Amino acid sequence: SGIPDFELRQANVLRTAKEIISDQNIASPKFSGNFLVRGMDTTTYAAETVLDTNRQGLHYLKTESANANVKATSPGEKGQDIYVMIQNDSTANRTITFGTNFKVTGTVVGSTSAMAVLHFISNGSAFWEASRTTGISV
């Protein structure tokens with residue numbers, strides 16, 4: 001199943017990682033060597049784009065003919081991190097603002113046919129921007 005053979009303690013009960021993942025109805029993580037591969041959630045782009053923070057840790061957006069405001073479904077849990085990868089379309093520079101449940105250093109102004117990657121960490125009350133890289137050629 002791809003889940004390593006180890007056990008975790010949850011609420012003072014010894015359980016396997018597979019049992020915990022099954023109980024929480026989340027997709028089984030994939031391990032490659034010693035690394036966790038998070039998977040990617042491709043979110044539909046719209047003027048009001050909502051990222052489901054209960055989904056995989058990498059959220060991919062491709063702009064389509066308009067600017068957008070990105071929101072999160074929840075402020076996350078303390079220590080939870082997510083990455084947002086935004087690919088700007090080839091017709092014009094797009095401006096992305098981050099709203100509900102995000103704290104950012106400013107808007108993301110994309111460049112045609114370029115990528116931006118942002119990393120956020122939650123303190124339980126919001127996802128705080130930890131880093132961003134913009135202008136990556138696609």
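**Talking through a predicted fold**

The chain has an accessible surface of about 8200 Å², and 49% of that belongs to carbon and sulfur atoms. What follows concerns a predicted model.

Colleague: What does the overall inventory look like, in helices and strands?

Modeller: One helix and 14 strands. The chain has 138 residues, and 33% of them count as buried. Among contacts with a separation of 6 or more, 47% are between residues 24 or more positions apart.

Colleague: Let's take threonine 63. Why is it called buried?

Modeller: Its relative accessibility is 2%. Buried means under 20%, so threonine 63 counts as buried. As for where it sits, that's the loop between strand 7 (58–62) and strand 8 (68–72).

Colleague: What makes the pair of threonine 63 and aspartate 89 a polar contact?

Modeller: A polar atom of the threonine 63 side chain lies 2.6 Å from the backbone nitrogen of aspartate 89. The cut-off is 3.5 Å between N or O atoms, so the 2.6 Å pair falls within it.

Colleague: Which residues does threonine 63 touch, leaving out those up to four places away in sequence?

Modeller: Tyr45, Ile86, Gln87, Asn88, Asp89, Arg94 and Ile96.

Colleague: Now alanine 130. Why is it called partly exposed?

Modeller: Its relative accessible area is 46%. Exposed would need over 50% and buried under 20%, so alanine 130 lands in between and is partly exposed. It's part of strand 14 (residues 127–137).

Colleague: And what is alanine 130 in contact with, beyond its neighbours within four places?

Modeller: His119, Phe120 and Ile121. Histidine 119 is 11 residues away along the chain, with 5.4 Å between the two C-alpha atoms.

Colleague: On to the rings. How many aromatic pairs turn up in the whole structure?

Modeller: Four. One is phenylalanine 98 with phenylalanine 102, at 5.1 Å centre to centre and 70° between the planes.

Colleague: What makes that pair of phenylalanine 98 and phenylalanine 102 edge-to-face?

Modeller: Two checks. Ring centres must lie within 6.5 Å, and planes over 60 degrees apart count as edge-to-face. With 5.1 Å and 70°, the pair passes both, so edge-to-face is the label. Phenylalanine 98 and phenylalanine 102 are both buried. Ring pairs also link Phe98, Phe102, Phe120 and Phe127 into a cluster.

Colleague: What is notable about the phi of asparagine 101?

Modeller: Phi is near 75°, a positive value in a residue other than glycine. Asparagine 101 lies in the loop between strand 10 (95–98) and strand 11 (102–103). Serine 113 isn't a glycine either, and has a positive phi of about 55°. That serine is in the loop between strand 12 (108–109) and strand 13 (114–122).

Colleague: Why is serine 113 called partly exposed?

Modeller: At 35% relative accessible area, serine 113 is above the 20% limit for buried and below the 50% for exposed, so partly exposed it is.

Colleague: Last topic, the sheet with the order 6-8-10-12. What makes strand 6 and strand 12 its edges?

Modeller: It's an open sheet of four strands with mixed pairing. Strand 6 (48–51) and strand 12 each have a single partner strand, so one side of each is left without a neighbour in the sheet.

Colleague: How do you know that strand 8 and strand 10 pair?

Modeller: They share three bridges, in the parallel sense. Pairing takes at least two, so three bridges are enough. Alanine 68 stands opposite isoleucine 96 in strand 10.

Methods:
Residues are numbered from 1 along each chain as its sequence is written. This is a predicted model: local features need pLDDT of at least 70, side-chain atom pairs count only at pLDDT 80 or more; totals for chains, interfaces and linings use all residues. Side-chain values use heavy atoms; hydrogens and water are left out. Helices (H or I, at least four residues) and strands (E, at least two) are DSSP runs, numbered from the N terminus. Buried means under 20% relative accessible area, exposed over 50%, partly exposed in between (1.4 Å probe, protein chains only). A polar contact is a pair of N or O atoms within 3.5 Å; within protein, one must be able to donate a hydrogen and the other to accept it, and residues adjacent in sequence count only if both atoms are side-chain atoms. Contact means heavy atoms within 4.5 Å. Rings of Phe, Tyr and Trp (its six-membered ring) pair if their centres lie within 6.5 Å; planes under 30 degrees apart count as stacked, over 60 as edge-to-face and the rest as tilted. Accessible areas come from the Shrake-Rupley method with a 1.4 Å probe; for residues, only the protein chains shown count as cover.
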